[in-house]
Amino acid sequence: METLDMNSPMLNTTEEIREPWLTTKLEMIVNWGRKNSLWPLPFGVACCAIEFMSLMTCRYDFSRFGAEAMRFSPRQSDLMLVLGTITNKQAAVLRRIFAQMSEPKWVISVGACASSGGVYRTYATLQGIDRVIPVDVYIPGCPPRPEAIIKGTIELQEKMMKEGFKARAANLDLFYKSMERQQTLEETGMTSQQALQLMFREAAAAGQSRIW
Ligand code: SF4
């Protein structure tokens, strides 16, 4: 079989073309960078947070997914992991911390309590954090094992690779509009909790369970 000599003067190739190169979409390469450099903020309030502590040990090695740089400052984080039962009183705190995080940002709801209130079907417990903030991935379990959190993170990374910049921005716009509404209500003298309760009532009147 004849072998092609790339240096042959018969081939009309320039030096630049012989260098290795590739083509891709900007969204794809940016998303690839984002998915491999997540900075998690653990919002740990109950037993699910203990599973997260295991996840960060060398046995499970969360670093493999480029997400080991854990931060407790929202300004330095772009992945919120909600781990545990969120009460109605905590909902406003959760929203404020999410609002302060760097953009673009993502949320994983870890465990039954964060996703749906879990076994706490009571007036004091928020029946799912997606009522107050946008959620990207839900992880079932009570508590989910560290492997389940790893699976959830992989699901998020796959979602990030398919995501367009505009879709993510539109999702956050809805949330910021609801924050503006909350601030307007608080300026009338309401506490953040009272403002959220009123927003829940308004959403229910419109046939919705989410306030954003
Ligand atoms: S889902 Fe289960 S383990 Fe997790 S916070 Fe709720 S009760 Fe605790």
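## Overall layout

Helices here are DSSP runs of H or I with at least four residues, strands are E runs of at least two, and both are numbered from the N terminus. With that settled, note that this is a predicted model. The protein comes out with 8 helices and 4 strands, and walking along the sequence gives the pattern α-α-β-α-β-α-β-α-β-α-α-α.

As for overall dimensions, the C-alpha trace spans about 80 × 40 × 30 Å along its principal axes. The radius of gyration is 22 Å, whereas a compact globule of 212 residues would have one near 17 Å. Burial fits into the picture too: 30% of the 212 residues count as buried.

## The sheet

The 4 strands make up an open sheet, ordered S1-S2-S3-S4, with parallel pairing. The edges belong to S1 (40-44) and S4 (137-139); each has a single partner strand, so one side of each lacks a neighbour in the sheet. On average, neighbouring strands are turned by 20° against each other, direction ignored. As a bit of background, strands of a sheet pair through backbone hydrogen bonds, either parallel or antiparallel.

Now for the individual pairings. S1 and S2 run parallel and are joined by 5 bridges, and in this pair Pro 40 stands opposite Leu 79 of S2. To get from S1 to S2 the chain passes through H3, and this β-α-β crossover is left-handed. S2 is in turn joined to S3 by 5 bridges, again in parallel, with Leu 83 facing Val 110 in S3. Here the β-α-β unit, made of S2, H4 and S3, is right-handed. Finally, 3 bridges link S3 (residues 106-110) to S4, and these two also run parallel; Ile 108 sits opposite Val 137 in S4.

## How buried are the strands?

S2 is largely enclosed by the rest of the structure, because 5 of its 5 residues are buried. Both of its faces are covered: Leu 79, Leu 81 and Leu 83 are buried on one side, Met 80 and Val 82 on the other.

What about S1, which stands at an edge of the sheet? S1 has 4 of its 5 residues buried, so this strand is also largely enclosed by the rest of the structure.

## Around the ligand

The shell around the ligand draws on several stretches of the chain. Ala 46, Cys 47 and Cys 48 belong to it, as do Gly 84 and Thr 85, then Gly 111, Ala 112, Cys 113 and Gly 118, and finally Cys 142 and Pro 143. Helix H5 (residues 111-116) gives the most to this shell, with 3 residues.

Which classes of residue make up the shell? The split is 7 nonpolar, 4 polar and no charged.

## Backbone oddities

Most residues other than glycine have a negative phi, and most peptide bonds are trans. This model has some exceptions worth a look. Glu 103 and Pro 104 are joined by a cis peptide bond, with omega about -5°. Pro 104 is located in the loop between helix H4 (88-100) and S3.

Another cis peptide bond connects Cys 142 to Pro 143, where omega is about -5°. Pro 143 lies in the loop between S4 and helix H6 (146-162). Both Cys 142 and Pro 143 are also among the residues surrounding the ligand, so you may want to view this cis bond together with the ligand shell.

## Asp 61

Asp 61 is not a glycine, yet its phi is positive, about 55°. You'll find this residue in the loop between helix H3 (48-55) and strand S2 (79-83). Is Asp 61 buried, partly exposed or exposed? A residue needs 20 or more other C-beta atoms within 10 Å to be buried, and is exposed at 12 or fewer. Asp 61 has 13 C-beta neighbours inside 10 Å, so it counts as partly exposed.

How far apart in sequence are Asp 61 and Ile 150? They are separated by 89 residues, while in space the two are 9.6 Å apart, C-alpha to C-alpha.

How values were computed: Residues numbered from 1 in each chain as written. Predicted model: local features only at pLDDT ≥ 70, side-chain atom pairs only at ≥ 80, totals over all residues. Near = placed C-beta within 6 Å. Nonpolar A, V, L, I, M, F, W, Y, C, P; charged D, E, K, R; others polar. Pairing = 2+ DSSP bridges. Axes fitted to C-alpha atoms, helices over the stretch in contact; angles between N-to-C directions. Right-handed = clockwise from strand over helix to strand, strands pointing away. Rg over C-alpha atoms; globule rule 2.2 N^0.38 Å.
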